[in-house]
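This briefing covers a strand with its pairing partners, and then a pair of packed helices. Please read the points below alongside the sequence and the model.

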Amino acid sequence: MNTSLDAKVVLVTGASSGIGRATARALSKAGARVAVGGRRADRLASLAREASGEMLVLEMDVTDARSVRDAVAATVERFGALDVVVNNAGVMLSGAILGADITEWTRMVETNLLGSMYTVHAALPHLLASKGTVVQISSTSGRISSAASGAYAATKFGITAFSEALRQEVTEQGVRVVVIEPGFVSTELTSHITDPAMQAAANSMAESMRTLDPDDIAAAVLYAVTQPDHVAVNEILIRPTDQTR
Ligand code: NDP
């Protein structure tokens with residue numbers, strides 16, 4: 001028996017492209033009212049125009065705690081509750097540790113880790129009220145670190161650490177915590193890498209395999225958030241079949 005998403009209220013961060021966009025569409029199609037957040041408001045507006053269900057566009061920057069608080073407040077004001085948060089906004093700026101541009105580390109920590117923590121912090125009172133669900137988009141890099149992804153992996157390991165503490169704190173109050181760990185998904189994520197060698201490596205990795213599609217991850221999110229109340233799907237690891245590590 002699956003539970004319905006009909007009229008449930010969902011907030012997806014980083015919904016302007018890739019996994020976030022696909023997830024917002026999938027949850028909207030399943031009947032949810034979806035607030036879509038990100039910095040590129042034009043992209044979010046076109047997503048909302050194309051959606052069959054009701055969507056609220058929220059221009060937000062997850063590195064700014066106030067912006068996150070305002071986005072959560074606007075969602076609750078518009079829809080009256082908050083049932084699911086998909087904590088998805090992220091950047092991956094791959095590169096070796098030696099000689100790294102440490103402003104890229106700051107950007108990743110502020111976006112992937114702190115941004116996700118701010119979102120949980122702002123949303124939690126509402127999720128406790130609705131016995132809702134937090135979906136944390138981590139990565140295979142949140143389980144296995146590898147050369148040239150140290151800082152990115154540190155943010156994703158951080159998400160896992162935070163999520164387990166969160167789970168222990170709120171599960172008895174009916175709030176479920178789901179960590180999703182995708183392997184290689186074809187999105188804009190690698191386009192922001194500044195190191196030319198790393199960019200080339202990402203491109204050749206993409207060409208070497210049948211990568212995942214953002215809809216594959218959206219389907220996993222939909223599965224996790226439509227389980228009966230007593231079922232907590234705490235972790236989902238999804239790699240392309242062709243991906244070895
Ligand atoms: P995209 O680059 O397509 O999407 C990233 C999203 O994050 C965009 O919507 C972007 O919106 C948003 N974002 C980035 N910075 C901020 C910010 N400061 N404030 C608000 N939103 C922000 O990549 P993906 O869809 O691949 O990435 C989504 C998540 O999935 C990330 O957390 C990533 O680490 C994770 N992931 C991706 C994998 C992959 O192979 N693609 C594998 C494993 C995990 P905007 O620029 O409009 O603000």
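Strand 5 (residues 133–137) and strand 6 run parallel and are joined by 5 bridges, where strands count as paired if DSSP finds at least two bridges between them, and where helices (H or I, at least four residues) and strands (E, at least two) are DSSP runs numbered from the N terminus. This is a predicted model, in which local features need pLDDT of at least 70 and side-chain atom pairs count only at pLDDT 80 or more, while totals for chains, interfaces and linings use all residues. Residues are numbered from 1 along each chain as its sequence is written, and side-chain values use heavy atoms, with hydrogens and water left out.

**Strand 6 and its neighbours**

- Within the pairing of strand 5 with strand 6, Ile137 stands opposite Ile180.
- On the other pairing, strand 6 joins strand 7 (residues 235–238) in the parallel sense over 4 bridges, and Glu181 stands opposite Leu237.
- Because 7 of the 7 residues of strand 6 (residues 176–182) are buried, this strand is largely enclosed by the rest of the structure; buried means under 20% relative accessible area (1.4 Å probe, protein chains only).

**Helix 1 and helix 7**

- Helix 1 (residues 18–29) packs against helix 7 (residues 214–225) at an angle of about 50°, with the axes 8 Å apart; axes are lines fitted to C-alpha atoms over the stretch in contact, and angles run from 0 to 180 degrees between N-to-C directions.
- Residues in contact (heavy atoms within 4.5 Å) include Ala22 and Ala26 in helix 1, and Ala218 and Val221 in helix 7.

Notes
Buried means under 20% relative accessible area, exposed over 50%, partly exposed in between (1.4 Å probe, protein chains only).
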